[in-house]
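User: I would like to go through this structure step by step, with the reasoning behind each answer spelled out. Please begin with the sheets and then move on to contacts and burial.

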Amino acid sequence: MHCPLHRISPVVKGSPLLTNEVVFENHNRNHTCRKNQLTVASSRIVSVVTLAVLFLPKPISAQTDPGVQSGSRGTGAPFSSVSLNSPSGILSFFTDGQTRFQAVESVSGSPSGNNGLGPRFNSTSCSSCHAQPAVGGSGAASNPQAQFTSNGVAPGNTTPSFVTPTGPTLEARFPFFFNSNGTVNFNAPNGGVEDLFTVNGRSDAGSCSLPQPSFSAAISAGNIIFRIPTPTFGTGLMELLDDSTLLNNQLNNLNNYLGVGGSFNRNGNDGTITRFGWKAQNKSLHIFAGEAYNVEMGISNLLFPQDRPLPGEDQLQTGLPSNCLNLSGTGYPEDTSNPAATPNAAVLDDVSAFANFMRLLAPPPTGGVVLNGQQVSSSNISAGASLFNSIGCAVCHNPSPGTTQVSNFTSSLTSAPVNAYSDIEVHHMGSGLADNVSQGNAGGDQFRTAPLWGLGQRIFLLHDGRTTNLVTAIKNHASHGSEATVVEQNFFNLNSTQQQQILDFLRSL
Amino acid sequence: MNLRFLVPVVYALSSIAAAQTVAPVNAPKNGGDFSSNASGAKVPTGVILVKGAWSSASDSTTPVPEGGTMRDNLYANDYFGISYPMPAGWTEIYEGPPPSESGRYVLAQLSPTETTKGTHGIVLITAQDMFFDPQPAANALELVTYSRDHLQADYKVEIPPSTTKVADRPFTFFAYWSPVAQLHWYVLATEIRCHAVEIVLSSQDTKLLEHLVVDMDHMNLPAEANPSAGTGGGQFPICIKDYATDENLITRVDPVFAQRRFNPVPVRIIIDKTGSVKHIHLLSAFPDQAKVVTDALRQWKFKPYMQGGKPVEVETGILFGSPQFPARLKSSASAVE
């Protein structure tokens, strides 16, 4: 007779019973109902619920990504101590950095400080890529790159086929170099950014005329991958976690029963943990800003003082031609400090101003979620938060990897919780997500756990923006060689209501 | 009129016209970032070609922990001497990740295929190399106890670690669950060749879990499998922790890494009866590191390990590179942070 209220203690056939020994029974045997002496009281009640759930038909409606949440959550604001100008001068650091973040750069001829673009670039201002839902964020719904060949930014160029008006703002990389006969050289990993545009045809670029990389050939050869912008809200907090905090988290997760086993990316100079970028390859916000200024906009600076050729131009050929150097006429590096400038903030070079701006950006506030025109209840969102932890997402997407150290910069950064939903480790994400680009210690299949704060207002998902649908993004977590397969299966093994609660919760972040 | 003559003229005129608009510079030479004709082999999708630190071995025939296979419903692992028949319809949809730098393996992740009726569940077969585990556990039993003591707040112990018998071998059994997700985990752990082999069954359906446990009786396991004493011998080399000390070594050549990467490089070796290194298994190493370590280890010479007056094969572990956690956790240490 079936006994819905009791868990039967199973028994192994023929084995002797010892004290404290758990035994398991062939469930086909007839058995009388009896209490399981090891059953915890609360699980009896849950057994009823569990059985009830088993016998109910599963809800038919599929789980739905509530989508990008509109309406302002106040994202993009500075920390409160910055708003209060504490310490004195810090607010102008923030506002000056925010202004420069939006400045559109030219090759030459613009007011001082706004020159140096190119000769190769992906866009002309930081905020053209880091825009959503506010300045400092990730890619916007409308891709400015799609207009460049027709609006004067990149007149002598062809728009690559993968740059579309409503697709993600992106950069492209070739996993491998091409051979001298045009075929892919599998023995020569590349992986560096292949800038989309050149200054060709711009009236402020003199005689410099460079070919764009061979995007069509790369596409036909399958030798191309993409990256979208990472959002920068709250990165100042991530920068201020001590290595020991991150290492302790890793230690605490060592014997997880989910298949997770991450490691850290480290910088080659001093071996300490690096944190920023899709593969956590950059050590600090200064490096992150300096590299982007140089690689994505072609503006040499104090951290990267040379104009950057394409990877092949640099490593296999003779670099940039001389008529493409010093196009702004200011000399190198094109972005530098301004000793005579006033007020104080203006003395800084652009990269420092960008880094300060990002560092002082408060983390993205959480918010309500609207699904199909209806407000999702806060109880559903908190149920989703609990489920997110229980099924194992939180092992990598750690809701709070720690608390920051004391800040020498501003008090809001001191001893602050970092609710980033990331362990800042790199993990094997499988053949489905692998992009065959190695960065630092992160191999072609390893990626930093993407911080999920701000996810509610992010449009394009995963490192290459391949989807705007959260359910698809979760599915992509499972593939051959991924550490996340078990947790992904845990998600899809939940019933539709539970899955929906997790999706609702994620869009509240 | 000779039309054929007109065509090249027309063509030439149109080319001149095109050149008067701002056109991209002359076609680039092939090579590097450029290709005018990318024929030949394409980069395959869904294949990991460029790897960071990965596992490798000095030969492809000696079994390694990650070398298990799932075929015809049978999970077989020659390194551990395990064969584990799965219920009908259970497969490994996706292979697991490579071994971690702390010696953690995902040997198999099995679940019912879409077409199999019944509720959902996962069988995760994992192993932890006890030579490289910084947690304070000397064997599988202690490891499970340590896990139970450090269970995260979302989980509740359902059945505390205790002994059970599966397939006529002792196992440590531990069950915990998430009340929120109604998800249960049954962990069955034993030790083989100084690895904690933990078979993790998880599902919302406890009936399924109990059925899976009963099915585990059909497993074949080596005689030595034991939660507190799986230290080789019999069909396997004896595994000895930290065997590569000056006391046991006659010749030692240190590998020199050309490039600092600050990663741990855990390695297992099998030493034959003459004291030579007969097999090298690198759990996690960059390719250049793997070569340097292998070349060095091939030159090592040990004193043969004697047991009952006879030399026997020994398996041990050596950590090269930077230790991730230099000091092992003390078991009495309070929860960190």
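User: In what order do the strands of the open sheet of 7 strands in chain B run?

Analyst: This is a predicted model, and the answer rests on the strand pairing computed from it. The pairing in this sheet of chain B is antiparallel, and the edge strands, each pairing on one side only, are β5 (90-91) and β8 (156-166) of chain B. Read from one edge to the other, the order is β5-β6-β7-β11-β10-β9-β8.

User: Which helix of chain B packs on that sheet, touching β7, β10 and β11?

Analyst: Two of the strands involved, β7 (residues 121-129) and β11 (residues 195-203) of chain B, pair in the antiparallel sense over 9 bridges, and B:I122 has B:S202 in β11(B) as its bridge partner. The helix that touches β7, β10 (183-192) and β11 of chain B has a direction that makes about 145° with that of β11(B). It spans residues 206-215 and is helix α3 of chain B.

User: What is the strand order of the open sheet of 5 strands in chain B?

Analyst: Strand β14 (residues 264-271) of chain B pairs with β19 (residues 314-321) of chain B in the antiparallel sense over 8 bridges, with B:V265 opposite B:F320. Strand β14(B) is also joined by 5 bridges to β15 (residues 277-285) of chain B, again antiparallel, while 3 bridges join β1(B) to β15(B), where B:W54 has B:A285 as its partner. The pairing across the sheet as a whole is mixed, and the order is β1-β15-β14-β19-β12.

User: Why is one side of β1 and of β12 of chain B left without a neighbour in the sheet?

Analyst: Strands β1 (54-57) and β12 (238-239) of chain B stand at the edges of the sheet. One side of each is left without a neighbour there because each has a single partner strand.

User: Which residue takes a positive phi in the hairpin of β14(B) and β15(B)?

Analyst: The two strands of this hairpin run antiparallel, and B:I271 has B:V277 in β15(B) as its bridge partner. There are 5 residues between the strands, and the one with a positive phi, near 95°, is B:G275.

User: How many residues of β14(B) are buried, and which helix lies across β14 of chain B?

Analyst: The strand is mostly covered, with 7 of its 8 residues buried. The helix that lies across β1, β14, β15 and β19 of chain B spans residues 287-297 and runs at about 160° to β15(B). The count is therefore 7 under the cut-off of 20 or more other C-beta atoms within 10 Å, and the helix is α4 of chain B.

User: How many residues of domain 1 of chain B are in contact with domain 2 of chain B?

Analyst: Chain B is divided into domain 1 (60-218) and domain 2 (238-321), and 29 Å separate their centres, taken over C-alpha atoms. On the side of domain 1 that touches domain 2, there are 5 nonpolar, 3 polar and 3 charged residues. The contact involves 12 residues of domain 2, and from domain 1 the number is 11.

User: How do the residues of the side of chain B that touches chain A divide by class?

Analyst: In this interface, 85 residues of chain B are in contact with 98 residues of chain A. Among the elements of chain B that give two or more residues to that side are β6 (104-112), α2 (140-149) and β9 (169-178). By class, the residues of chain B divide into 37 nonpolar, 32 polar and 16 charged.

User: Which element gives the largest share of the largest nonpolar core?

Analyst: In soluble globular proteins, nonpolar side chains tend to be buried together. The largest nonpolar core here has 197 residues, and those with the most contacts inside it include A:F354, A:A289 and B:V187. The largest share of this core, 7 residues, comes from β10(B).

User: Against which helices do the buried residues of α10(A) pack?

Analyst: Helix α10 (residues 350-359) of chain A has 10 of its 10 residues buried, one of them being A:F354. Leaving aside neighbours within four places in sequence, A:F354 is in contact with A:G97, A:R100, A:F101, A:C126 and A:A289. The helices of chain A against which the buried residues pack are α3 (90-102), α4 (126-129), α6 (235-239) and α8 (285-295).

User: Is A:R448 buried or exposed?

Analyst: A:R448 lies in strand β12 (residues 446-448) of chain A and touches A:W278, A:K279, A:A280, A:I424 and A:V426, not counting residues up to four places away in sequence. There are 28 other C-beta atoms within 10 Å of A:R448, so this residue is buried.

Technical notes
Residues are numbered from 1 along each chain as its sequence is written. Chains are lettered from A and ligands numbered from 1 in the order in which they are written. This is a predicted model: local features need pLDDT of at least 70, side-chain atom pairs count only at pLDDT 80 or more; totals for chains, interfaces and linings use all residues. A residue is buried if 20 or more other C-beta atoms lie within 10 Å of its own, exposed if 12 or fewer, and partly exposed in between; C-beta atoms are placed from the backbone. Helices (H or I, at least four residues) and strands (E, at least two) are DSSP runs, numbered from the N terminus. Two strands pair if DSSP finds at least two bridges between them. Two residues are in contact if their C-beta atoms, placed from the backbone, lie within 7 Å. Axes are lines fitted to C-alpha atoms, for helices over the stretch in contact, and angles run from 0 to 180 degrees between N-to-C directions. Domain bounds come from an automatic or database domain assignment. Ala, Val, Leu, Ile, Met, Phe, Trp, Tyr, Cys and Pro count as nonpolar, Asp, Glu, Lys and Arg as charged, and the others, Gly among them, as polar. A nonpolar core is a set of buried Ala, Val, Leu, Ile, Met, Phe, Trp, Tyr and Cys residues joined through C-beta atoms within 7 Å.
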